[in-house]
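Me: I would like to learn how to read a model of this kind with some care, taking one feature at a time. Could we begin with how the elements are named, and then go on to single residues?

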Amino acid sequence: MPSEIIDARGLKCPLPVLKMEKRLVAMAPGAVLTVLATDPMARIDIPLYCRQHFHACAVVSENDSMRFTITKADA
């Protein structure tokens, strides 16, 4: 299943989390969402949101940005 991508680079938190939340609501369980972010707070805020909503989340640092790969939890 191809991943959807949100490019939130340059946006300050909470905007990356809000964009991610809005997109996840419209996605099916098991769908994968990739979020690109540069705000250092995203490293805390995105995984925290995912833990609170039982979504799987992995983060990889790439140059000056972070790539979050989120798998939406089953309903």
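Reply: Helices and strands are taken as DSSP runs, numbered from the N terminus. With that in hand, and bearing in mind that this is a predicted model, Lys72 can be placed in the segment after β4, the strand that covers residues 65–71.

Me: In what order do the elements of the chain run from the N terminus on?

Reply: The order is β-α-β-α-β-β, so to speak the reading frame for what follows, and the chain has 2 helices and 4 strands.Me: How should I judge the overall dimensions, and what radius of gyration does the chain have?

Reply: One sets the radius of gyration beside the value for a compact globule with the same number of residues, which for 75 residues would be near 11 Å; the chain has 11 Å, which agrees. Along its principal axes, the C-alpha trace spans about 35 × 25 × 15 Å. Buried residues, meaning those under 20% relative accessible area, make up 37% of the 75 residues in the chain. As for contacts between residues at least 6 apart in sequence, 66% of them join residues at least 24 apart.

Me: Which residues of the largest nonpolar core touch the most other members?

Reply: A nonpolar core is a set of buried residues of nonpolar kinds, joined through side-chain atoms within 4.5 Å. Here the largest such core has 18 residues, and those that touch the most other members are Met20, Val35, Ile46, Phe68 and Ile70. Two or more residues of this core are given by each of β1 (4–8), α1 (15–26), β2 (32–37), α2 (42–52) and β4, and the largest share, 4 residues, comes from α2. Val35 can serve as an example: leaving aside residues up to four places away in sequence, Val35 touches Ile6, Ala8, Met20, Ile46, Met66, Arg67, Phe68 and Ile70.

Me: How many salt bridges does the structure hold, and how should I read each of them?

Reply: A salt bridge requires a side-chain nitrogen of Lys or Arg within 4 Å of a carboxyl oxygen of Asp or Glu, and the structure holds 3 of them. In one, the side chains of Glu4 and Arg23 meet at 3.1 Å, N to O; because Glu4 lies in strand β1 and Arg23 in helix α1, the pair ties together parts that are 19 residues apart in sequence. Glu4 counts as partly exposed at 34% relative accessibility, and Arg23 counts as partly exposed at 30%.

Me: What are the N to O distances in the salt bridges of Arg9 and of Glu62?

Reply: Arg9 is paired with Asp7, and their closest N and O atoms are 2.7 Å apart; Arg9 is partly exposed, with a relative accessible area of 44%, and Asp7 is partly exposed, with a value of 44%. Glu62 is paired with Arg67, their closest N and O atoms being 3.1 Å apart; Glu62 is partly exposed at 29% relative accessibility, and Arg67 is partly exposed with a relative accessible area of 28%.

Me: Returning to Lys72, is this residue buried or exposed, and which backbone oxygen does the side chain of Lys72 reach?

Reply: For a charged residue it is useful to look for a side chain of opposite charge and then for other polar partners. Lys72 is buried yet has no salt bridge, and the nearest side chain of opposite charge, that of Asp74, is 9.4 Å away. The side chain of Lys72 does reach the backbone oxygen of Leu24, at 2.7 Å. Not counting residues up to four places away in sequence, Lys72 touches Leu24, Val25, Met27, Ala28, Pro29, Gly30, Ala31 and His55.

Definitions and conventions: Residues are numbered from 1 along each chain as its sequence is written. This is a predicted model: local features need pLDDT of at least 70, side-chain atom pairs count only at pLDDT 80 or more; totals for chains, interfaces and linings use all residues. Side-chain values use heavy atoms; hydrogens and water are left out. Buried means under 20% relative accessible area, exposed over 50%, partly exposed in between (1.4 Å probe, protein chains only). Lys and Arg count as positive and Asp and Glu as negative; His and the chain ends are not counted. A polar contact is a pair of N or O atoms within 3.5 Å; within protein, one must be able to donate a hydrogen and the other to accept it, and residues adjacent in sequence count only if both atoms are side-chain atoms. Contact means heavy atoms within 4.5 Å. The radius of gyration is taken over C-alpha atoms; the globule rule is 2.2 Å times the number of residues to the power 0.38.
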